[in-house]
Amino acid sequence: MSRLILHRKSQLGIKMPIPYCVIINGKVVGVTRLDKVQIEMPQGAYNISVKYVFPIWRWEFCLSSSRDIIIKDNETVEMEFFHKEILWDILFEIDLLLWIAEFFFELPYPWNVVYKVFSNGFFLLWILRVFIIRKKYFTFRVKYS
């Protein structure tokens, strides 16, 4: 039997325990919050997918990616997955903090309009970007040994 090891990597060192689905050849193998998952499997060609699922009312919004790999007999394949959206995440978190602060402090007239335009525009761009890259959100690094 061969072994597949999935590693979830955080770019900033902050690891949120968001559960992700592991899908092999279109079938859900499991859902986990762990940073490292080991799966024993026979040799063969596989399509490995990782997916975050966010239920929004009646819909399910997914951030996912997949990669085709070939596993030989008695081989260990290590797949590390991460996302490259660090800059967008940092900007969104800063904007979120400013939005919360807006409940307690009010900017004077011309600056509150400027802030609203930039904040709402940035939020729309962020949502649009996440929606466009939702099927290719993660990047994989594969190491065979």
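Reader: Glad to have you along. Which side chains does Arg141 or Glu80 meet in a salt bridge, and how should I read that term?

Author: Happy to help. Side chains of opposite charge can pair when their charged atoms come close. The cut-off used here is a side-chain nitrogen of Lys or Arg within 4 Å of a carboxyl oxygen of Asp or Glu. In this structure the side chains of Arg141 and Glu80 meet in such a salt bridge, 3.1 Å from N to O. This pair links distant parts of the chain, with Arg141 in strand 8 (residues 138-144) and Glu80 in strand 7, 61 residues apart. Helices (H or I, at least four residues) and strands (E, at least two) are DSSP runs, numbered from the N terminus.

Reader: What kind of model is this, and what should I keep in mind about its values?

Author: This is a predicted model, in which local features need pLDDT of at least 70 and side-chain atom pairs count only at pLDDT 80 or more, while totals for chains, interfaces and linings use all residues. Residues are numbered from 1 along each chain as its sequence is written, and side-chain values use heavy atoms, with hydrogens and water left out.

Reader: Are Arg141 and Glu80 buried, partly exposed or exposed?

Author: Buried means under 20% relative accessible area, exposed over 50%, and partly exposed in between, with a 1.4 Å probe and protein chains only. Arg141 is partly exposed at 43%, and Glu80 is partly exposed at 24%.

Reader: How many salt bridges does the structure hold?

Author: The structure holds 5 salt bridges. Among them is Arg3 with Glu40, where the closest N and O atoms are 3.0 Å apart. Arg3 lies in strand 1 (residues 2-8) and Glu40 in strand 4 (residues 36-41), so this pair ties together parts that are 37 residues apart in sequence. Arg3 is partly exposed at 32%, and Glu40 is partly exposed at 44%. Another one of the salt bridges joins Glu102 and Lys116, at 2.9 Å from N to O. Glu102 sits in the loop between helix 1 (86-101) and helix 2, and Lys116 in helix 2, 14 residues apart. Glu102 has a relative accessible area of 27%, and Lys116 has 39%.

Reader: Now a charged residue without a partner: where does Glu75 lie, and what is around it?

Author: For charge, Lys and Arg count as positive and Asp and Glu as negative, while His and the chain ends are not counted. Glu75 lies in the loop between strand 6 (59-71) and strand 7 (76-83). Glu75 is buried yet has no salt bridge, and the nearest side chain of opposite charge, Lys72, is 5.2 Å away. The side chain of Glu75 does reach the backbone nitrogen of Lys72, at 2.8 Å. Contact means heavy atoms within 4.5 Å. Leaving aside neighbours within four places in sequence, Glu75 is in contact with Ser2, Arg3, Ile70, Tyr144 and Ser145.

Reader: What is the count of disulfides, and why do Cys21 and Cys62 not form a bond?

Author: A disulfide is a covalent bond between the sulfur atoms of two cysteines. The rule asks for a pair of cysteine sulfur atoms within 2.5 Å, and the count comes to 0 disulfides. The sulfur of Cys21 is 7.9 Å from the closest cysteine sulfur, in Cys62, which is too far for a bond. Cys21 is buried at 15% relative accessibility, and Cys62 is buried at 19%.

Methods: Polar contact = N/O pair within 3.5 Å; in protein donor to acceptor, adjacent residues only side chain to side chain.
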